[in-house]
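Okay everyone, thanks for coming. I'd like to walk you through one model today, so have a look at it while I talk.

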Amino acid sequence: MSILVNKDTKLIVQGITGREGTFHTEQMLAYGTSVVAGVTPGKGGQTVLGVPVYNTVKEAIEATGANASVVFVPAMFTKASALEAIDAGLKLVMTIAEHVPVQDMMMVSEAAKAAGCTVIGPNSFGVISPGESKAGFMAHRIFKEGHVGLMSRSATNCYETVFLLSNEGIGQSTCVGIGGDMIPGSAFVDIIPLFEADPETEVIVMIGEIGGSDEEKVAEYIKDHVKKPVVALIAGKNAPKGRSMGHAGAIVAADGTGSADHKEKALRAAGVHIADTTTDVVRIVKELLSK
């Protein structure tokens with residue numbers, strides 16, 4: 001089992017004819033992902049790597065039965081592309097671009113909620129269910145099939161954790177790139193119920209970071225609804241207050257709101273195992289799986 005993407009996912013790549021879209025389509029196909037269509041307005045009728053290209057998402061769905069989309073377009077076009085996919089009826093849309101305007105993502109988020117669509121990203125590496133399917137740009141060779149579900153605001157910290165887990169023979173059920181922007185399409189509290197319901201996921205790993213209140217919100221949810229063990233790592237402990245550190249959402253207010261200490265306190269109160277480093281995540285996961 002897995003969440004969000006699996007062997008039954010029929011994927012559209014919006015922006016397939018662009019440099020990044022073409023390159024990562026090749027990688028997704030090589031991994032075994034069922035990429036059934038690409039969409040680039042004005043380039044319908046072409047093919048890219050044997051994948052048919054359509055002018056609109058609606059045309060692509062009607063022709064192929066596609067049920068998910070990954071959006072490889074620049075930030076300025078992300079809103080239009082995501083809204084098109086939502087309006088066409090897709091229930092899973094993954095957005096990759098960084099620096100999508102906050103107002104744009106507010107509109108996408110509201111449209112997705114109204115349509116019952118799950119949006120992942122922006123500023124996300126995508127989603128991968130090892131051995132089944134990947135939608136995004138992650139280096140799939142470091143992932144391994146298994147029973148640890150990961151969700152992360154940071155791509156780099158997720159990759160490092162996955163690499164260390166896989167080297168210890170510990171595989172993953174699904175890894176979800178929440179993304180590091182201020183307005184994510186889906187937050188931790190939206191994804192953790194899926195891992196809780198997945199029979200193949202035995203341990204949940206959450207890689208958060210300073211800024212925002214997503215970790216505090218999911219801590220409240222975990223208290224009442226999550227029975228599986230959860231391990232959390234909060235990145236950015238040494239970041240100066242009032243300064244954004246790479247991700248738009250990674251900023252601690254002058255009064256300490258959004259700090260690692262505040263997040264860890266809330267998570268500990270919910271029974272979450274707190275790790276100090278990626279290596280520590282692996283140690284705790286090994287202990288939990290051995291019980």
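Let's start with a question: on the other side of H1, which residues are exposed? Hold that thought for a second. One caveat before we go on: this is a predicted model.

So, H1. This helix runs over residues 19-31, which makes 13 residues. From the first C-alpha to the last, H1 reaches 19 Å, close to the 18 Å expected at 1.5 Å a residue. Gly 21, His 24, Thr 25, Met 28 and Tyr 31 are the buried ones in H1. They sit on the same side of the helix, because they cover an arc of only 120° around the axis. As general background, an α-helix has 3.6 residues a turn, so residues three or four places apart point the same way.

Back to my question: the exposed residues on the other side of H1 are Arg 19 and Ala 30.

And what do the buried residues of H1 pack against? Strands: S1, S2, S4, S5, S8 and S9. Right after the helix ends, Gly 32 has a positive phi of about 105°.

Now take one residue from S1, namely Leu 11. With a relative accessibility of 0%, Leu 11 counts as buried, because the cut-off is under 20%. Leaving out neighbours within four places in sequence, its contacts include Met 28, Val 36, Val 70 and Met 94.

Two of those names come back in the largest nonpolar core. That core has 42 residues, and Val 70, Met 94, Met 151, Val 176 and Leu 267 touch the most other members. Helix H6, residues 188-197, gives the largest share, four residues. Met 151 touches Phe 188, Ile 191, Ile 192 and Phe 195, among others. In general, nonpolar side chains in soluble globular proteins tend to be buried together.

Last topic, the backbone oddities. Most residues other than glycine have a negative phi, and most peptide bonds are trans. Here are a few spots to look at on your screens:

- Leu 49 isn't a glycine, yet has a positive phi of about 55°. This residue is in the loop between S3 and S4, and at 45% relative accessibility it is partly exposed.
- His 99, also not a glycine, has a positive phi of about 65°. You'll find His 99 in the loop between S6 and H4, exposed at 60% relative accessible area.
- Gly 121 and Pro 122 are joined by a cis peptide bond, with omega about 10°. Pro 122 is in the loop between S7 and S8.

That's my tour, thanks.

Notes
Residues are numbered from 1 along each chain as its sequence is written. This is a predicted model: local features need pLDDT of at least 70, side-chain atom pairs count only at pLDDT 80 or more; totals for chains, interfaces and linings use all residues. Side-chain values use heavy atoms; hydrogens and water are left out. A nonpolar core is a set of buried Ala, Val, Leu, Ile, Met, Phe, Trp, Tyr and Cys residues joined through side-chain atoms within 4.5 Å. Buried means under 20% relative accessible area, exposed over 50%, partly exposed in between (1.4 Å probe, protein chains only). Helices (H or I, at least four residues) and strands (E, at least two) are DSSP runs, numbered from the N terminus. Contact means heavy atoms within 4.5 Å. The expected span of a helix is 1.5 Å times one less than its number of residues. The arc is that of the directions from the helix axis to the C-beta atoms.
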